[in-house]
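Open the model in your viewer and keep the selection box at hand. Each stop below says what to pick and what is there.

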Amino acid sequence: SLPVVIDCDPGVDDAIALLLALASPELEVRGVTTVAGNAALADVTRNAAHVLDLAGAPAGLPLVAGLAGPIARPARIADEPMHGAGGLGGLAPAGPPRAPGPGHAVDFLAEQALAAPGALTLVAIGPLSNVAALLARHPQAGPALREIVVMGGAAFAQGNITPAAEFNFYADPEAARCVLESGVPVRVVGLDVTRAALLPLQAAEHLAGLAGAAGAAGELLRGFVERYRERFGVAAVPVHDALALAGLIDPGLLEYGHGSATVECAGEVTRGALVADLRTPGRSRTVRIARSVDADRFTALLTERLARHAG
Ligand code: BDR
Ligand code: CA
(Lines give C-alpha, C1' and ligand atoms only; values in the text may rest on other atoms or scores of the structure.)
(Ligands and ions follow the chains in the order given, each with its own letter.)
Protein backbone atom coordinates (compact mmCIF):
# COMPACT_ATOMS: atom_id res chain seq x y z
CA SER A 1 0.00 0.00 0.00
CA LEU A 2 1.00 3.60 -0.62
CA PRO A 3 2.53 5.43 2.38
CA VAL A 4 0.92 8.83 2.95
CA VAL A 5 0.99 11.66 5.45
CA ILE A 6 -2.09 13.86 5.47
CA ASP A 7 -1.70 17.59 6.16
CA CYS A 8 -5.15 18.94 6.98
CA ASP A 9 -7.37 21.58 8.62
CA PRO A 10 -10.57 19.74 9.69
CA GLY A 11 -13.11 20.95 8.48
CA VAL A 12 -15.91 18.57 7.57
CA ASP A 13 -14.44 17.44 4.25
CA ASP A 14 -11.01 16.99 5.85
CA ALA A 15 -12.61 14.79 8.50
CA ILE A 16 -14.30 12.72 5.80
CA ALA A 17 -11.00 12.49 3.91
CA LEU A 18 -9.26 11.16 7.04
CA LEU A 19 -12.01 8.56 7.58
CA LEU A 20 -11.77 7.53 3.92
CA ALA A 21 -8.00 7.12 4.11
CA LEU A 22 -8.16 5.12 7.35
CA ALA A 23 -10.70 2.72 5.84
CA SER A 24 -8.68 2.12 2.66
CA PRO A 25 -6.07 -0.66 2.52
CA GLU A 26 -4.55 0.93 -0.60
CA LEU A 27 -3.10 3.62 1.70
CA GLU A 28 -0.85 3.38 4.73
CA VAL A 29 -1.40 6.52 6.81
CA ARG A 30 1.93 7.26 8.50
CA GLY A 31 0.85 10.45 10.20
CA VAL A 32 -1.49 13.42 10.27
CA THR A 33 -0.35 17.03 10.49
CA THR A 34 -2.46 20.14 10.96
CA VAL A 35 -2.43 23.70 9.65
CA ALA A 36 -4.69 26.67 10.35
CA GLY A 37 -7.40 27.08 7.73
CA ASN A 38 -11.01 26.14 8.24
CA ALA A 39 -10.50 27.08 11.90
CA ALA A 40 -7.62 28.21 14.12
CA LEU A 41 -4.73 25.78 14.64
CA ALA A 42 -5.82 24.66 18.12
CA ASP A 43 -9.33 23.92 16.81
CA VAL A 44 -8.29 21.99 13.72
CA THR A 45 -5.76 19.98 15.76
CA ARG A 46 -8.44 19.09 18.31
CA ASN A 47 -10.81 18.19 15.47
CA ALA A 48 -8.22 15.92 13.85
CA ALA A 49 -7.67 14.21 17.21
CA HIS A 50 -11.42 13.64 17.58
CA VAL A 51 -11.59 12.11 14.11
CA LEU A 52 -8.69 9.74 14.83
CA ASP A 53 -10.40 8.68 18.06
CA LEU A 54 -13.70 8.21 16.26
CA ALA A 55 -12.04 6.03 13.63
CA GLY A 56 -10.29 3.97 16.28
CA ALA A 57 -6.89 4.86 14.82
CA PRO A 58 -3.95 3.43 16.77
CA ALA A 59 -2.82 5.60 19.71
CA GLY A 60 0.67 5.58 18.20
CA LEU A 61 -0.38 7.17 14.90
CA PRO A 62 1.49 10.50 14.88
CA LEU A 63 -0.63 13.66 15.01
CA VAL A 64 1.53 16.78 14.88
CA ALA A 65 0.47 20.43 14.76
CA GLY A 66 2.07 22.86 12.33
CA LEU A 67 1.78 26.49 11.34
CA ALA A 68 -0.86 28.76 12.85
CA GLY A 69 -1.02 30.98 9.78
CA PRO A 70 0.27 31.70 6.28
CA ILE A 71 4.00 31.98 5.54
CA ALA A 72 3.88 35.65 4.51
CA ARG A 73 0.53 37.14 5.58
CA PRO A 74 -1.75 37.52 8.58
CA ALA A 75 -3.98 34.52 9.28
CA ARG A 76 -7.46 34.46 7.82
CA ILE A 77 -9.76 31.80 9.16
CA ALA A 78 -12.56 30.49 6.94
CA ASP A 79 -16.12 31.62 7.56
CA GLU A 80 -17.84 29.38 10.06
CA PRO A 81 -21.10 28.59 8.22
CA MET A 82 -19.91 25.86 5.84
CA HIS A 83 -18.04 23.83 8.44
CA GLY A 84 -20.14 24.74 11.48
CA ALA A 85 -19.05 25.90 14.92
CA GLY A 86 -15.40 25.12 15.73
CA GLY A 87 -14.82 23.75 12.22
CA LEU A 88 -16.59 20.41 12.72
CA GLY A 89 -20.22 21.30 13.31
CA GLY A 90 -22.32 18.21 13.84
CA LEU A 91 -19.70 16.08 15.57
CA ALA A 92 -20.40 15.64 19.27
CA PRO A 93 -17.44 13.76 20.74
CA ALA A 94 -17.87 11.84 24.00
CA GLY A 95 -14.82 13.13 25.85
CA PRO A 96 -11.56 15.00 25.48
CA PRO A 97 -9.55 13.91 22.44
CA ARG A 98 -6.10 12.36 22.33
CA ALA A 99 -3.28 14.90 22.67
CA PRO A 100 -1.17 15.76 19.64
CA GLY A 101 2.42 14.57 19.68
CA PRO A 102 5.44 16.75 20.42
CA GLY A 103 7.42 18.66 17.82
CA HIS A 104 6.38 20.60 14.74
CA ALA A 105 4.57 19.32 11.67
CA VAL A 106 7.22 20.73 9.33
CA ASP A 107 10.00 18.75 11.03
CA PHE A 108 7.84 15.63 11.23
CA LEU A 109 7.12 15.84 7.50
CA ALA A 110 10.85 16.16 6.78
CA GLU A 111 11.67 13.13 8.93
CA GLN A 112 9.02 11.07 7.21
CA ALA A 113 10.12 12.11 3.71
CA LEU A 114 13.80 11.48 4.37
CA ALA A 115 13.17 8.14 6.09
CA ALA A 116 11.61 6.70 2.91
CA PRO A 117 13.20 8.39 -0.11
CA GLY A 118 10.97 8.27 -3.17
CA ALA A 119 8.16 6.49 -1.35
CA LEU A 120 6.08 8.99 0.61
CA THR A 121 3.08 10.85 -0.80
CA LEU A 122 2.17 14.05 1.03
CA VAL A 123 -1.54 14.79 0.77
CA ALA A 124 -2.18 18.46 1.51
CA ILE A 125 -5.85 19.33 2.00
CA GLY A 126 -5.56 22.67 3.78
CA PRO A 127 -3.67 25.89 3.07
CA LEU A 128 -0.15 24.97 1.91
CA SER A 129 1.74 26.78 4.69
CA ASN A 130 3.29 23.64 6.22
CA VAL A 131 4.26 22.21 2.83
CA ALA A 132 5.93 25.44 1.67
CA ALA A 133 7.79 25.69 4.98
CA LEU A 134 8.90 22.07 4.58
CA LEU A 135 10.36 22.77 1.13
CA ALA A 136 12.12 25.91 2.37
CA ARG A 137 13.45 24.63 5.69
CA HIS A 138 14.39 21.12 4.60
CA PRO A 139 15.67 21.37 1.03
CA GLN A 140 16.37 17.62 0.77
CA ALA A 141 12.85 16.71 1.82
CA GLY A 142 10.93 17.87 -1.27
CA PRO A 143 12.97 15.84 -3.76
CA ALA A 144 12.62 12.83 -1.46
CA LEU A 145 8.83 12.85 -1.80
CA ARG A 146 7.13 10.62 -4.31
CA GLU A 147 4.41 13.19 -4.92
CA ILE A 148 2.45 16.02 -3.33
CA VAL A 149 -1.31 15.74 -3.80
CA VAL A 150 -3.01 19.08 -3.25
CA MET A 151 -6.67 19.90 -2.83
CA GLY A 152 -6.82 23.47 -4.01
CA GLY A 153 -7.34 25.91 -6.81
CA ALA A 154 -9.75 26.30 -9.67
CA ALA A 155 -7.96 26.22 -12.99
CA PHE A 156 -10.97 26.33 -15.30
CA ALA A 157 -13.93 26.90 -12.96
CA GLN A 158 -14.88 29.83 -10.73
CA GLY A 159 -13.35 30.09 -7.28
CA ASN A 160 -15.29 29.77 -4.04
CA ILE A 161 -13.79 32.30 -1.64
CA THR A 162 -13.61 34.85 -4.51
CA PRO A 163 -14.56 34.49 -8.19
CA ALA A 164 -10.88 33.98 -8.97
CA ALA A 165 -9.67 31.83 -6.09
CA GLU A 166 -10.33 28.66 -4.15
CA PHE A 167 -9.99 28.91 -0.34
CA ASN A 168 -6.79 26.89 0.27
CA PHE A 169 -4.85 28.84 -2.36
CA TYR A 170 -6.37 32.18 -1.33
CA ALA A 171 -5.55 31.56 2.34
CA ASP A 172 -1.80 31.25 1.68
CA PRO A 173 -1.07 32.12 -1.94
CA GLU A 174 2.70 32.44 -1.48
CA ALA A 175 2.81 28.94 -0.03
CA ALA A 176 0.72 27.54 -2.89
CA ARG A 177 3.02 29.19 -5.42
CA CYS A 178 6.14 27.73 -3.72
CA VAL A 179 4.68 24.25 -3.84
CA LEU A 180 3.49 24.40 -7.46
CA GLU A 181 6.77 25.88 -8.70
CA SER A 182 8.98 23.60 -6.58
CA GLY A 183 9.68 21.03 -9.27
CA VAL A 184 8.38 18.27 -6.98
CA PRO A 185 5.67 16.28 -8.77
CA VAL A 186 2.36 17.86 -7.73
CA ARG A 187 -1.14 16.65 -8.43
CA VAL A 188 -3.81 19.33 -8.09
CA VAL A 189 -7.39 18.34 -7.31
CA GLY A 190 -9.35 21.57 -7.41
CA LEU A 191 -12.88 22.91 -7.70
CA ASP A 192 -12.87 21.93 -11.38
CA VAL A 193 -13.49 18.36 -10.31
CA THR A 194 -14.77 18.62 -6.74
CA ARG A 195 -17.79 20.59 -7.93
CA ALA A 196 -18.40 17.99 -10.62
CA ALA A 197 -18.61 15.17 -8.07
CA LEU A 198 -21.29 16.27 -5.61
CA LEU A 199 -22.27 13.78 -2.93
CA PRO A 200 -26.08 13.53 -2.83
CA LEU A 201 -28.09 13.95 0.37
CA GLN A 202 -29.30 10.34 0.08
CA ALA A 203 -25.73 9.06 0.48
CA ALA A 204 -25.30 11.13 3.66
CA GLU A 205 -28.63 9.87 5.00
CA HIS A 206 -27.73 6.28 4.22
CA LEU A 207 -24.48 6.63 6.19
CA ALA A 208 -26.20 8.46 9.03
CA GLY A 209 -28.30 5.34 9.58
CA LEU A 210 -25.22 3.18 10.21
CA ALA A 211 -23.45 2.47 13.49
CA GLY A 212 -20.22 3.89 14.86
CA ALA A 213 -17.96 6.27 12.99
CA ALA A 214 -19.85 5.56 9.75
CA GLY A 215 -22.98 7.04 11.33
CA ALA A 216 -21.03 10.02 12.66
CA ALA A 217 -19.59 10.61 9.18
CA GLY A 218 -23.13 10.50 7.79
CA GLU A 219 -24.28 13.10 10.35
CA LEU A 220 -21.37 15.34 9.49
CA LEU A 221 -22.13 15.05 5.80
CA ARG A 222 -25.85 15.62 6.33
CA GLY A 223 -25.12 18.89 8.15
CA PHE A 224 -22.71 19.84 5.37
CA VAL A 225 -25.37 19.20 2.72
CA GLU A 226 -27.95 21.22 4.71
CA ARG A 227 -25.64 24.22 4.96
CA TYR A 228 -24.77 23.89 1.28
CA ARG A 229 -28.44 23.66 0.35
CA GLU A 230 -29.28 26.82 2.33
CA ARG A 231 -26.54 28.69 0.52
CA PHE A 232 -26.71 27.28 -3.01
CA GLY A 233 -30.09 25.57 -3.24
CA VAL A 234 -28.61 22.16 -4.11
CA ALA A 235 -29.13 19.05 -1.95
CA ALA A 236 -25.69 17.65 -2.75
CA VAL A 237 -22.25 18.77 -1.64
CA PRO A 238 -18.65 18.78 -2.87
CA VAL A 239 -16.51 16.73 -0.47
CA HIS A 240 -13.37 18.41 -1.79
CA ASP A 241 -10.68 16.85 0.36
CA ALA A 242 -12.08 13.34 0.15
CA LEU A 243 -11.90 13.49 -3.64
CA ALA A 244 -8.18 14.27 -3.45
CA LEU A 245 -7.69 11.11 -1.33
CA ALA A 246 -9.99 9.09 -3.55
CA GLY A 247 -7.82 9.89 -6.55
CA LEU A 248 -4.98 8.02 -4.84
CA ILE A 249 -7.15 5.07 -3.87
CA ASP A 250 -8.68 4.68 -7.35
CA PRO A 251 -6.17 5.85 -9.97
CA GLY A 252 -8.81 5.81 -12.74
CA LEU A 253 -11.19 8.18 -10.97
CA LEU A 254 -9.72 11.44 -12.26
CA GLU A 255 -8.34 12.48 -15.63
CA TYR A 256 -5.50 15.01 -15.71
CA GLY A 257 -3.87 17.67 -17.82
CA HIS A 258 -0.06 17.91 -17.53
CA GLY A 259 2.00 21.07 -17.46
CA SER A 260 3.11 23.73 -15.04
CA ALA A 261 1.18 26.03 -12.74
CA THR A 262 1.54 29.03 -10.51
CA VAL A 263 -0.59 31.11 -8.19
CA GLU A 264 -1.35 34.83 -8.33
CA CYS A 265 0.02 36.55 -5.23
CA ALA A 266 -0.03 40.23 -6.21
CA GLY A 267 -3.30 40.66 -8.11
CA GLU A 268 -5.79 43.23 -6.84
CA VAL A 269 -8.80 40.98 -7.51
CA THR A 270 -7.11 37.69 -8.36
CA ARG A 271 -5.19 36.87 -5.16
CA GLY A 272 -4.81 33.10 -4.94
CA ALA A 273 -5.88 32.39 -8.52
CA LEU A 274 -4.43 29.20 -9.97
CA VAL A 275 -2.86 29.78 -13.37
CA ALA A 276 -2.18 26.53 -15.14
CA ASP A 277 -0.13 26.27 -18.31
CA LEU A 278 -1.20 23.10 -20.08
CA ARG A 279 -0.02 24.23 -23.49
CA THR A 280 1.91 21.45 -25.17
CA PRO A 281 4.67 20.73 -25.00
CA GLY A 282 5.32 22.62 -21.76
CA ARG A 283 8.90 23.21 -20.75
CA SER A 284 8.11 22.00 -17.28
CA ARG A 285 5.57 19.27 -16.70
CA THR A 286 5.79 18.58 -12.99
CA VAL A 287 2.16 19.50 -12.29
CA ARG A 288 -0.92 17.44 -13.05
CA ILE A 289 -4.29 19.18 -12.82
CA ALA A 290 -7.42 17.08 -12.50
CA ARG A 291 -9.83 18.02 -15.32
CA SER A 292 -12.62 15.50 -15.13
CA VAL A 293 -14.05 12.99 -12.69
CA ASP A 294 -16.34 9.98 -12.69
CA ALA A 295 -18.83 11.32 -10.14
CA ASP A 296 -20.85 8.14 -9.63
CA ARG A 297 -17.68 6.15 -9.06
CA PHE A 298 -16.59 8.66 -6.41
CA THR A 299 -19.93 8.52 -4.58
CA ALA A 300 -19.84 4.72 -4.64
CA LEU A 301 -16.25 4.55 -3.39
CA LEU A 302 -16.77 7.11 -0.64
CA THR A 303 -19.97 5.60 0.73
CA GLU A 304 -18.63 2.05 0.59
CA ARG A 305 -15.43 2.99 2.42
CA LEU A 306 -17.12 5.15 5.06
CA ALA A 307 -19.56 2.31 5.69
CA ARG A 308 -16.57 0.17 6.73
CA HIS A 309 -16.40 2.34 9.87
CA ALA A 310 -19.74 0.92 11.02
CA GLY A 311 -17.64 -1.44 13.13
C1 BDR B 1 -11.15 23.63 0.61
O2 BDR B 1 -11.33 24.66 1.57
C3 BDR B 1 -11.73 24.11 2.79
O4 BDR B 1 -12.81 24.82 3.32
C5 BDR B 1 -12.07 22.66 2.54
O6 BDR B 1 -11.72 21.88 3.67
C7 BDR B 1 -11.24 22.31 1.34
O8 BDR B 1 -9.94 21.88 1.72
C9 BDR B 1 -12.18 23.81 -0.49
O10 BDR B 1 -12.04 25.05 -1.09
CA1 CA C 1 -9.41 21.29 3.98
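## First stop: the end of H2

Select glycine 56: just after H2, this glycine takes a positive phi of about 70°. Most residues other than glycine have a negative phi. Keep in mind that the model is predicted.

Now select H2 itself, residues 41-54. How far apart are its end C-alpha atoms? They are 20 Å apart, and 14 residues at 1.5 Å a residue should span 20 Å, so the two agree.

Colour H2 by burial. The helix is mostly covered, with 12 of its 14 residues buried. Among them are Leu41, Asp43, Arg46, His50 and Leu54. To see what they pack against, show strands E1 (2-8), E2 (27-34) and E3 (63-65), then helices H1 (12-22) and H10 (212-232).

Step on to proline 58, in the loop between H2 and E3. Is this residue buried or exposed? Proline 58 counts as exposed, because it has 9 C-beta neighbours inside 10 Å, and the cut-off for exposed is 12 or fewer. For a distance check, pick proline 185 as well. The two prolines are 127 residues apart in sequence, and their C-alpha atoms are 30 Å apart in space.

## Second stop: the cis bond and ligand 1

Go to the loop between E1 and H1, where glycine 11 lies. Which residue is joined to glycine 11 by a cis peptide bond? The partner is proline 10, and omega is about -10°. Most peptide bonds are trans.

Stay with glycine 11 and turn on ligand 1. A shell of 14 residues surrounds the ligand, and the closest are Gly11, Asp13, Glu166, Phe167 and His240. Three elements give two or more residues to this shell: H1, helix H6 (167-171) and helix H11 (240-249). Colour the shell by residue class. You should get four nonpolar, six polar and four charged residues.

## Third stop: threonine 194

From His240, move to threonine 194, found in helix H8 (residues 191-194). Beyond four places in sequence, threonine 194 touches Val189, Pro238, His240 and Leu243. Threonine 194 counts as buried because 26 C-beta neighbours fall inside 10 Å; the cut-off is 20 or more. Draw a line to threonine 162, which is 32 residues away along the chain. The C-alpha atoms are separated by 16 Å.

## Fourth stop: H7

Select residues 173-180, helix H7. Seven of its eight residues are buried, and the helix is mostly covered. The buried ones include Pro173, Arg177, Cys178 and Val179. What covers them includes helices H4 (129-137) and H6, plus strands E5 (147-151), E6 (186-189), E9 (254-263) and E11 (287-293).

Keep Val179 selected. Which residues touch the most other members of the largest nonpolar core? They are Ile16, Leu19, Leu20 and Val179, in a core of 113 residues.

## Fifth stop: leucine 19 and H10

Pick leucine 19 from that group. Leaving out residues up to four places away in sequence, leucine 19 touches Val51, Ala55, Ala213, Ala217, Leu306 and His309.

Two of those contacts, Ala213 and Ala217, are buried residues of H10. Select all of H10. At 1.5 Å a residue, its 21 residues should span 30 Å; the end C-alpha atoms are 30 Å apart, so this helix agrees too. Other buried residues here include Leu220, Phe224, Val225 and Tyr228. Show their packing partners: H1, H2, strand E7 (198-200), helix H9 (201-208), strand E8 (236-238) and helix H12 (295-307).

Within H10, stop at glycine 215. This glycine is partly exposed, because 18 other C-beta atoms lie within 10 Å. Beyond four places in sequence, its contacts are Leu207, Ala208 and Leu210. Histidine 309 is 94 residues from glycine 215 in sequence, yet 8.2 Å away in space, C-alpha to C-alpha.

Leave H10 by glycine 233. Just after the helix, this residue takes a positive phi of about 75°.

## Last stop: zoom out

Show the whole chain as a cartoon. There are 12 helices and 11 strands. The C-alpha trace spans about 50 × 45 × 35 Å along its principal axes. A compact globule of 311 residues would have a radius of gyration near 19 Å; this chain has 18 Å, which agrees. Of the 311 residues, 56% count as buried. Finish with a contact map. Of the contacts between residues at least 6 apart in sequence, 80% join residues at least 24 apart.

Definitions and conventions: Residues numbered from 1 in each chain as written. Chains lettered and ligands numbered in written order. Predicted model: local features only at pLDDT ≥ 70, side-chain atom pairs only at ≥ 80, totals over all residues. Helix = DSSP H or I, 4+ residues; strand = E, 2+ residues; numbered from the N terminus. Rg over C-alpha atoms; globule rule 2.2 N^0.38 Å. Contact = placed C-beta atoms within 7 Å. Expected span 1.5 Å × (residues − 1). Near = placed C-beta within 6 Å. Nonpolar A, V, L, I, M, F, W, Y, C, P; charged D, E, K, R; others polar. Core = buried A, V, L, I, M, F, W, Y, C linked by C-beta atoms within 7 Å.
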